[in-house]
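Please open the model in your viewer with the backbone drawn as a cartoon, and keep the selection box at hand for the stops that follow.

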Amino acid sequence: MNQPDESVSPFLRFALRLQRFAWDFAGLSALAAALLTVLALMPSVSGAGLLLWGDFLYRWLGWGAWLLPPALLWSGLWFLRRALEPLPFPWRRTLAWESAAFGLLASFALGNGVSLGRAGSGLDGGLIGWGLGRVFQTLLPDAAALGVAVLIVVLGVFTGMGWGPKLSRWMRKRLERAAAPEEAAETDSPISVAPTQKTEAAQRESAMPRRKRKSPALPPEFRKNFRVEAAEESPATPPLQRPENLPPLSLLNSQRAQRPDERHINQTAGLIEKTLAEFGVPATVVGFQVGPTITQFAVEPGFVEKGGSEEKEAERYKVRVAQIAGLRRDLALALSAERLRIQAPVPGRPYVGIEVPNSQMQVVRLRPLLESEAFYKLNAPLGIALGRDVSGAPLVADLGKMPHLLIAGTTGSGKSVCISAITVCLAMNNSPRDLRMVMIDPKMVELLRFNGLPHIFGKVETDLERILGVLRWVVAEMDRRYKVLEASRSRHLDSHNRKVARRKKGEHLFRLVVLIDELADLMMAAPDETEHALVRLAQLARAVGIHLVVATQRPSTDVVTGLIKANFPARLSFAVASGVDSRVILDTPGAEALLGRGDLLFLPPDAPAPIRAQGVMVTDKEIKRVIAYWQQQAETEGMENTPPWEEMLEAEAYLADRDDLVEKAIEIVRQTRQANASMLQRRLRIGYPRAARLLDELETMGVVGPSRGGGRSREVLLEEEEEE
């Protein structure tokens, strides 16, 4: 059994067990402390402990002791809310409130003469306020010291309440208004500027950093008034309770929805209509869909009137879709977009989709997708969450129905992150008894963080020679499973496992997923052997529960050959370098216009066109939590994780230096129970020297005994029932 990952400390394992209750305990403790503090500060308090606590607070904080109960109350409520969903701690506001509190203690002391006697008796700001007041008196005069302390209180309250940005904007507007008359006077000056001077002034102005200009005003006929409804996606109620042997979803990070910018959406829609109209293409933006990465605007083509005269009415012609698609570069220029993609038309919709990148890209987390209704409706053991589409809806798929997935994309576009998300998704919904994985990473860096996951056979394979041996083992395992299905008279793996469970005898077959992170390296090292293994698995492995997930950063025809492409109907493409690469992987252009960093096009086997989405992001901390959970389960159940292909690789290495007819010679000797050179000559159709060498090798391997002389046969040491 593999050793637990050293990077996961015992403290982290213990913390994972208590994570569900730690925040609740902290919140209830803070609320109880707030209540006890209020009782201790009351004048009619009784009880030795409360009296000591109250005297301590009054002595050190004075009147500021009454600031402690609200702080404890707020902390308790924040801890209880943190137990429900992950929240970032508001460090800025917390520090602002603390500064305001200490400034208030100093103001109390400065307002009453900074008296040590009053501070010691629990008045003013206590001993802390007296000490702060003395510091202010040492650095500043008395009046200025009190003013600075009050200013600290005001600024702390403004920042803590979140009014700091509003105050800065208000001050900026006041300064701009004060400077406006001077600018107007310079503009109205009768002195003219020479053209050369204007050019130099414009150059200096363009070289200076300036604030971002406001969007240009649109004519009334192109102004839009779309309304954005910010509907937060609530977790769906699962139809069945999650099995206890599976990891809790709390191991994964949650996600908070962001409200789209309504003004920016309306401005962009108006600019699209205005730009199309300027090129003589009347069209109307009838809707939009906001996704994590892009916003898709629905453009409905209009009509053009041609051939009109006084005697004859003009004929109306519908604007062709190709006219809108041909203006992609002009629209990108008008919208100042880095890349722009036009889907003409959107499958199943009566409009053209213009996809404009958002100003801020939203990260897609795995936990909300696993909690979504779409994933529960999938109800498949090999269900995977790929991301969110252009409307923000979850994009999920069943790897068992694909039945294999081909992934392509340039370096840094998101392939390895996608494979990591698929691995975590499968590990969250399947136990090692039902699902095992084989991970192959010729790049040697991306997938090594999964070492230690009990679902993986052995470790992540990185050596090219061993990888080819692993592929041969997977093919041999597929052939063996077909014999098992034939013996049980089953059509597929699920039917066989149901019969085994009902009869309570037979071999339970687990599902096997093979993940390859870089196909190009294997195709360069051994193209024939790699292609043969992948094509044979892709053609036959579905029925026996073996599925492939293959990724490559070079989707050229020499890597993704015709046979490989024909047997991978489900394909996924991240950003690629050119339209030729996009056609190789998706049979259509479009992937060259993706934005990178998880922006993808997914082509399901039964879809007419690719689906655009933003891929899932899984952090290293989430992966470590999942591995720690399953390692603990593996230690409890005593699971072993020895790679089953080690014996085959050892046998191949042993026979590498042997004659290629050794195996046939062993089979002949085992069947005939004779071992002499003349018999091997006749059966194998070889000469005497080679037959003699074969006998010597069989003697070294322990199959036959030493030579007896006189032309007699050697003793056969191999039993009839032995297979090796």
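How many bridges join S1 to strand S2 (residues 294-301)? Keep in mind as you look that this is a predicted model. When you select the two strands, you will find that seven bridges join them and that they run antiparallel. For one particular pair, pick Gly287 and then Ala298 in S2, which is its bridge partner.

Now widen the selection to the whole of this open sheet, whose four strands come in the order S1-S2-S6-S5 with antiparallel pairing. Strand S1 (283-290) and S5 are the edge strands, each of them pairing on one side only. If you look across the sheet, the twist averages 25° from one strand to the next.

From here, select the loop between strand S5 (341-343) and strand S6 (352-357), where Pro345 lies. The peptide bond leading from Ala344 to Pro345 is cis, with omega near -10°. This deserves a second look because most peptide bonds are trans.

The next stop is another open sheet, this one of nine strands in the order S8-S7-S15-S14-S13-S9-S12-S11-S10, with mixed pairing. Strand S8 (394-398) and strand S10 (435-440) stand at its edges with a single partner strand each, so one side of each has no neighbour in the sheet. The twist here averages 30° from one strand to the next. Within this sheet, select strand S13 (residues 570-573) together with strand S14 (residues 599-603), which pair in the antiparallel sense over three bridges. Arg571 has Leu603, in S14, as its bridge partner.

Then move to the loop between S8 and strand S9 (405-408), which holds Pro403. Here too you can display a cis peptide bond, running from Met402 to Pro403, with omega near -5°.

For the last stops, select helix H17 (residues 493-503), in which Arg498 lies. Showing side chains for Arg498, Arg502, Arg503 and Lys505 brings up a positive surface patch formed by these residues. Between H17 and strand S11 (511-516) there is a loop, and Lys504 has its place in it. What is the phi of Lys504, positive or negative? Although Lys504 is not a glycine, its phi is positive, at about 60°. Most residues other than glycine have a negative phi.

How values were computed. Residues numbered from 1 in each chain as written. Predicted model: local features only at pLDDT ≥ 70, side-chain atom pairs only at ≥ 80, totals over all residues. Heavy atoms only, no water. Patch = residues over 30% accessible without salt bridge, like charges linked within 9 Å, V, L, I, M, F, W, Y side chains within 5 Å. Areas by Shrake-Rupley, 256 points an atom, 1.4 Å probe, with all protein chains shown as cover. Salt bridge = Lys/Arg side-chain N within 4 Å of Asp/Glu carboxyl O. Lys, Arg positive; Asp, Glu negative; His and termini not counted. Charge placed at Lys NZ, Arg CZ, Asp CG, Glu CD. Pairing = 2+ DSSP bridges. Axes fitted to C-alpha atoms, helices over the stretch in contact; angles between N-to-C directions.
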